[in-house]
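Here are my notes for you after going through the model. I've grouped them by place, so keep the viewer open while you read.

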Amino acid sequence: PLFFGTGDQLSAWADALADDVRYMILDFRRVSDVDATGARMLSQLARHFQARGGTVALAHINSGADTAIFHEMGVDKIVPPARWFGDSDHALEWAENALLEGQFGEEANEGISLKDLPILAGCSDAVVDAVASKLERRELQAGETLFEEGDSGTELYFVVAGRIDIVLRLDNDTERMRRLSTVGPGAIIGEMALFAGRPRSADAIAVRPASLYALSEASFRILLAEEPEAATRLLLNIGRELSIRLAVTNQELRLVES
């Protein structure tokens, strides 16, 4: 329950957050009750945090009788219902989107050239030209799906502009999705499905208009036959990217378990 005693503990915890924390998500999944004092302290906490330049969101909040106390005590004036989310996944996605827009908004819009892709780092102009000759340009509008979970994987993609979400549908529910990652200019998508011959393991959906280059399995085989040096360099760079991803995943797991 959120009342005077637990509200005071929550305020103390929030005050102890580092000064550079910009987003706070309060998860109400296990909150069984909120009284008037608890709601008032929640408003004070949110007002104080936002005075520091932060933004507060609420997770596992449902409209109706359960939120009547929030409206009665003015919580909705400090933390508007637009920042009330039905689960923590959507609240985290909202915060991630805000951070991504702040850090990478302009870069994602402007994009990068093909030769500046990390996957082609260290390649000669001849190798870049050989790879470029086998690529097909693709354009996606915001909200457009690049591929869906279960699709056969016949292409890998190099993102040069925009942002794409990699999402997983939960329990075959088309409404409940969990975002696994967001990628932008310089990223590669779909390499595992192409080289392993397995169906796509998640959906890829454009968050904003995106530009990509597609390399099909057939085109890669031609590249391997005609330009083995270029194909080998491409494979080595893909291997490097995958090893970096694995290292990042390992670090994230350590943080979760620590």
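1. Before anything else, the largest cavity: by class, its lining has four charged residues alongside two polar and two nonpolar ones. Bear in mind that this is a predicted model, so please read every point below as a comment on a prediction.

2. How many cavities of 30 Å³ or more does the count give? The answer is one, and the volume of the largest cavity is about 30 Å³. If you want to select its lining in your viewer, pick K134, E136, R138, E155, A214, L215, S216 and S219.

3. Which elements give two or more residues to that lining? They are β4, spanning 136-140, and β11, spanning 210-216. Of the elements involved, β11 gives the most, with three residues.

4. K134 deserves a look of its own, as one of the residues lining the largest cavity. You'll find K134 in the loop that runs between α6 (125-132) and β4. Is K134 buried or exposed? The relative accessible area of K134 is 16%, and buried means under 20%, so K134 is buried.

5. Now the company K134 keeps. Once neighbours within four places in sequence are set aside, K134 is in contact with A214, L215, S219, I222, L223 and E226. Compare that with the cavity lining, where A214, L215 and S219 are listed too.

6. On to the sheet. Four strands make up an open sheet, ordered β4-β11-β6-β9, and the pairing is antiparallel. β4 and β9 (188-189) are at the edges with a single partner strand each, so each of them has one side without a neighbour in the sheet.

7. Zooming in on one pair: β4 and β11 run antiparallel and are joined by five bridges. For a handle on the register, look at L140, which stands opposite A210 in β11. These two strands are also the ones named above for the cavity lining.

8. The largest pocket is a separate item, with a volume of about 1,200 Å³. It is lined by 31 residues, and the closest to the pocket centre are I166, L180, S181, R245 and T249. If you're setting up a grid box, those names tell you where the centre lies.

9. What supplies the pocket lining? At least two residues each come from β8 (173-183), β9, α7 (191-196) and α9 (228-257). The most come from α9, which gives 10 residues. Note that β9 turns up here as well as at an edge of the sheet.

10. As for the chemistry of that pocket, the lining residues divide into 19 nonpolar, six polar and six charged.

11. One backbone angle to check is at H60, where phi is near 60°, a positive value in a residue other than glycine. H60 sits in the loop between β2 (55-59) and α3 (68-72). With a relative accessible area of 21%, H60 counts as partly exposed, because that class starts where buried, under 20%, ends.

12. Last, Q44, which is in helix α2, residues 36-51. Q44 is partly exposed, its relative accessible area being 45%. How far apart are Q44 and E101 in space? The C-alpha to C-alpha distance is 28 Å, while in sequence the two are 57 residues apart.

Conventions:
Residues numbered from 1 in each chain as written. Predicted model: local features only at pLDDT ≥ 70, side-chain atom pairs only at ≥ 80, totals over all residues. Heavy atoms only, no water. 1 Å grid on protein atoms, 1.4 Å probe; cavity = no way out; pocket = protein on both sides within 12 Å on 5 of 7 lines; lining within 4 Å. Points joined across faces, edges and corners; volume = space filled by probe spheres on them. Nonpolar A, V, L, I, M, F, W, Y, C, P; charged D, E, K, R; others polar. Buried < 20%, exposed > 50% of the residue type's maximum accessible area, 1.4 Å probe, protein only. Contact = heavy atoms within 4.5 Å. Pairing = 2+ DSSP bridges.
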